[in-house]
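Hi,

Here is the structure I said I would pass on. Have a look at it first, and my notes follow underneath.

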Amino acid sequence: MNADVDAKRGKAGDPANGPLLDDSLLTSCVHCGFCLEVCPTYKLTGDENNSPRGRLRLWREEADGRLPADPWTAHYTEECVGCLACESACPANVPYGRIFETVRHQHTVAGRTRPGALIRWMGWLTRRPSLFQGAFWPARLLRRMGCLPHRTVFPGAPALSLSTAEYARQWVARHRPTGPRVALLTGCLMEGLFREINFATIRVLVENNCRVEVPDSQGCCGAFHEHAGLGGVESLHDRNRAAFGGERYDAILANSSGCGYALSKSLGKASEKGPGSLATGERETPHLDGVRVVDVLVFLSELGPKARLSRGEKARVYVDLPCHLVHGQKVSGIPSNVLDATGYKWELAPLAKDCCGSGGIYHLERPENAQAILRSKAAFLNDAAGDPLILATSNHVCMQQWHSARASGIVRRPFEVRHVIQLLDPEPS
Amino acid sequence: MTAPAQLAGYDADGIGYKTFRPDAVVIPGSVEELIRVLQRARELNVPLCMRGAGTSLAGGPVAAQGGVIVHTSALRAVRTIDANGQWCEVESGVVLNQLDEALKPHGVFYPPDPSSGPVCTLGGNIAMNAGGAHCFRYGVTSNYVLGVEVVLLDGTVHRFGGPAGGRGTWREDWKRLMVGSEGTLGAFTRFWLRTLPRPEKVWTFRATYADLITAERAIHRLVAHSSFPVAIELMDPRCVAMVENSPMAVGLPRDSFMLLTEIDGPPELVDARVESVAAILREAGSQDVVFSDEEEQRKKLWKARKVAGGLMGQLSADFVVQDAVIPKRALAELLQLVYDEADAAGLAAVNVFHAGDGNLHPNFMFDSQKPGDLEKVEHIGKRLMQRVVEVGGTLSGEHGIGNDKSAYMPLVFGPEMTRLQMAVPGIFNPQHQLNPLKVFQQRRFVGSGGSGSEDQLNSPTSAKVTAARYENGSKPGSVSSGTRLFEHFLDPIDGVLCVPASACAVDVGRAIGEYPLRFPLWMDERATLHEHVLASGFAPASSRFGPFCDNIVGMNWRLPSGRIVRLGERVVKTTTGYDLFRFALAGGTRWGQPIDYVIRLRPDCGPAGVYRLHGSHGAVSDAVRAILRSCWMHWYDSIDVLTRTGLASEAELRIATNFPATESAVAERRLERLAVDHGLALQVDSESVPPCDGLPDLMLKITPDRVLELAREIANEFACRTVALCYPGVVHIHSDDSDSKQLQSIVTRYESQLREYGGDWQSRHRGAGEPSERESLWISQLEQAMRTV
């Protein structure tokens, strides 16, 4: 079968445009159109060019030299949220995400897409973890004081100077867990701005008897650079391979599905198969040196998490599923035993598997699209039962996007946005 | 949109390797904008092609001659769902599964289910007369379209039919020509579609067979069985091996045929049928029969079937799928032809298809970039289609012709029949500005400066030449139009019978002989098939089996010119050319006279059970509503309410069944409960022939939720006997008044109400009304074309 798949015709793209794209990937689309109706930008615009099938066609036309480099191709590429819902819908298992990232990087290298100054600065900053954490110190302070510096910043009380790594050392020393040894990826923005979620993660893991460590030498997962089409992702991957590798852990965990997906791609590279694995339909769990890279909630689900007491009848949690968990990591959802353990009455939000429009940095780069995509998902909160009314998910960027629904007027009543791990927290602040 | 990179996304449909770049793409935001687009295109003299989701497998929604693609993605509102009236109104860009999601809370569904359901639009479905796995029992799109709103090239908007599914304000049933017209007549904007109560429970069965003979035995027995399977799907060993050699393997024996079948209905009934279906599958020779009513397990049983299409895409650069429908007796021969031709050409071919209908889907895998591959595939297609037509089949069952299969059309339509077919676009789109080069190759747009279809037909590159080429290559006389008339025959495997249109019930019974088959519509013993079609077009059992035009599939027809031609097919589903067959059938004798009908037979499962429930009109109305909301389709042949002269406050609800004795007991219990719940008196008759109400004097067609009130009112005020056919929404009026004054006053009284809902009336005593000026023009154009044949 591998031979058959490999035998598909292929021509490489123009090397001048940046990294080479294996052309057999572009020809793997059979043009059936099953991706159209799951694509948020197709549903928004009704324009087939703004769908996965349309984009693949444009990219292939360019790669084959039948279409000159056209600003519209760059436009439709930039329009893509990168939610990867099309990968789940694709009967031919086209690795759309891989192709999309390559093309976006090509476009940035060739100057066809120019990320904004803030994005480039952030990209520069994420390569320097300690500088990043320092730079976000004022923002953490503002959050602690209850001043929310941006419409996407949800309330919380992050530690100002105590790092998650240090906190984990203290907490483990105090509680002496004896179970599985796990490493946690803390994430740049999560650590810089939403550190209280990392702290909650440590407490939940330790309560569930996990010997959690936060490797000091870790860095950005690279998701930001992939989203922005910036280069240099490989060196970030190398750094994390060194930080997490070497069979020291039973599992490598991430508490944000976007970072987790990027980490699993970079660490899992050794085991990731070539095009021959296209037909599997289910991605194998990525490994680093035989150690699994897995979402923290999925890991807790396997352990059987300690449950919180019932929170009563009135409170209600609506669960939204991050795209990079469901379509990226190909996990069927946030495990129900974990959600049951929160003690809340919960149900999946309507359209839980559809994208909320956050898309890493999409909500910053294409705010109008992002809000329009969010509108169809979030409007239900206006009439939903629950007091308090909580929207829970497992990705901090999705949390930011959901929180913005209040400022933009999509949701006209108060509601809380929480990470599921916060709902499991034995000592919520 | 006109930038090159905005057009590239629109240059192909589901056949990705054939590209036709449009000059512009327009996405109208509303019907008003769509109208302006059409008007402007006419002024600018550019070809137009309507496009939904672009999932066609026949080259339907592509700009074959350049011009403008009109994408209907913004017209996607489900406007009305009327669960009591069993209809819904949707815009043409509504996605099939989106409609299903909207219908679900109302407890109803729209049965056609092409596998592109998650993305394909209703516009495309109606343009191509889509089918799907479950159309074996439920029927194809044309059986469910009640009305079509269409914008013609001049920007005028017309509504053919409506919620009641009749002719509406027109003399002729123009919607028949619209369904399956592949976007060549006008731009669809809205549809009124018929719905059914959602099946309450489904059982799925999977069996494997070592050879085709045993698999066919199972298929033939299932088709004729009282359990009425809703789908019968077959995968050949090459397809099974492809799945089993992939990571999607489900553990089937690699050299086997895999058969899937499904039954649905109310729990107590389907549960009672499970063992008999499993027994059929085993007795036919399968040691490996698995079945389940559990959602997850059922999905697993379907898995091999569902992943097959995607796997082909992964294994091969390109693949092409054919869509021929054949008489099932020719299955072995045609499969062998597929294998022989593919092997000789060195291409992989797998078959996965709708075996119940005889709808083949041979898939040929190839590489369009490899020199010679495309030619090989096209050669095989021609050889295959030639044989398909020779054995009595047709080119397409559900995908349509597009520009991918138009080269085969001369196999089916000789020069004269082509001219008759071309008369249809000749009325609405004579310059072929809409979707040129589709369906018929000679449909080339030459612009308003050039001349229209007539010249095209007579040009050297016309159909005549193409047809002659095919005819030379085939057996003498086997495919020319003159010799394609139906002969009288009975095919007990497919359940089709060709009899004179003047046949009565007894003639049909005699022709069927000892086979356990029946013509399901109730007939008056003295009246002929043709008289029934003229009197009403419906019969009591139309509740379950639809009108006569859904139970007649083809006919030999004498045109007004005296020439006898064949209309329709002898197979049960087709999307091959314009549906002149149903159009002519609905037109009574205005378009000619039927000589012979090919009628569709159904399994005869035992004596008819007739249940009569008596009570007040109100109680009966309530009971009918309760039944129509339940999953009655596989239980009751007919659900009728009879009102007698002078007794309009009393009514009789008559329910007829055709079950084996074991199932009658289940039905009886259910009806006893219904009688108790609604305070009705139940009386049970078992009769070998269903009762007959006689030939109606007048038929009125309205929506199902209004039919009882209408029937009661007429019985009351005009003192005549009425029979309301509850699900079709038909009132049959039997008048003692031999002069037709009474009928005239009924028609006068109700005509506008019927028209408002897109209904109509029909009477064997009275001709249709005068057509409007515009319709007269269309009619005269078609008449003129018919005279030349």
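To start with the basics: how many helices and strands are there in chain A? The count comes to 23 helices and nine strands. Bear in mind that this is a predicted model, so confidence gets its own paragraph below.

On overall shape, the C-alpha trace of chain A spans about 60 × 50 × 40 Å along its principal axes. Chain A has 429 residues and a radius of gyration of 21 Å, which agrees with the value near 22 Å for a compact globule with that many residues. Burial comes out at 61% of the 429 residues. As for contacts in chain A with a separation of 6 or more, 76% of them are between residues 24 or more positions apart.

Then the surface and the charges. Chain A exposes about 16,200 Å², and 54% of that is supplied by carbon and sulfur atoms. There are 50 positive and 45 negative charges in chain A, and their mean positions are 4 Å apart.

Now for confidence. Mean pLDDT for chain A is 88, with 90% of its residues at 70 or more. Two stretches are worth flagging before you set anything up. Over residues 1-18 of chain A, pLDDT stays under 50, and the model has 41 contacts for them beyond four places in sequence. Residues 270-283 of chain A also have pLDDT under 50 throughout, with 26 contacts beyond four places in sequence.

I also looked at two individual positions, one in each of two chains.

In chain B, A619 sits in helix α22, which covers residues 617-629. Is B:A619 buried or exposed? Its relative accessible area is 15%, under the 20% cut-off, so B:A619 counts as buried. Leaving out residues up to four places away in sequence, B:A619 touches B:H678 and B:L680. B:E650 is 31 residues from B:A619 in sequence, and the C-alpha to C-alpha distance between them is 9.4 Å.

In chain A, K330 lies in the loop between α18 (323-328) and α19 (336-341). With a relative accessible area of 27%, A:K330 falls between the 20% and 50% cut-offs and is therefore partly exposed. How far apart are the C-alpha atoms of A:K330 and A:T102? They are separated by 21 Å, with the two positions 228 residues apart along the chain counted as their sequence distance.

Cheers

Note on methods
Residues are numbered from 1 along each chain as its sequence is written. Chains are lettered from A and ligands numbered from 1 in the order in which they are written. This is a predicted model: local features need pLDDT of at least 70, side-chain atom pairs count only at pLDDT 80 or more; totals for chains, interfaces and linings use all residues. Side-chain values use heavy atoms; hydrogens and water are left out. Helices (H or I, at least four residues) and strands (E, at least two) are DSSP runs, numbered from the N terminus. The radius of gyration is taken over C-alpha atoms; the globule rule is 2.2 Å times the number of residues to the power 0.38. Buried means under 20% relative accessible area, exposed over 50%, partly exposed in between (1.4 Å probe, protein chains only). Contact means heavy atoms within 4.5 Å. Accessible areas come from the Shrake-Rupley method with a 1.4 Å probe; for residues, only the protein chains shown count as cover. Lys and Arg count as positive and Asp and Glu as negative; His and the chain ends are not counted. The place of a charge is taken as NZ of Lys, CZ of Arg, CG of Asp or CD of Glu. pLDDT is the predictor's confidence in each residue, from 0 to 100.
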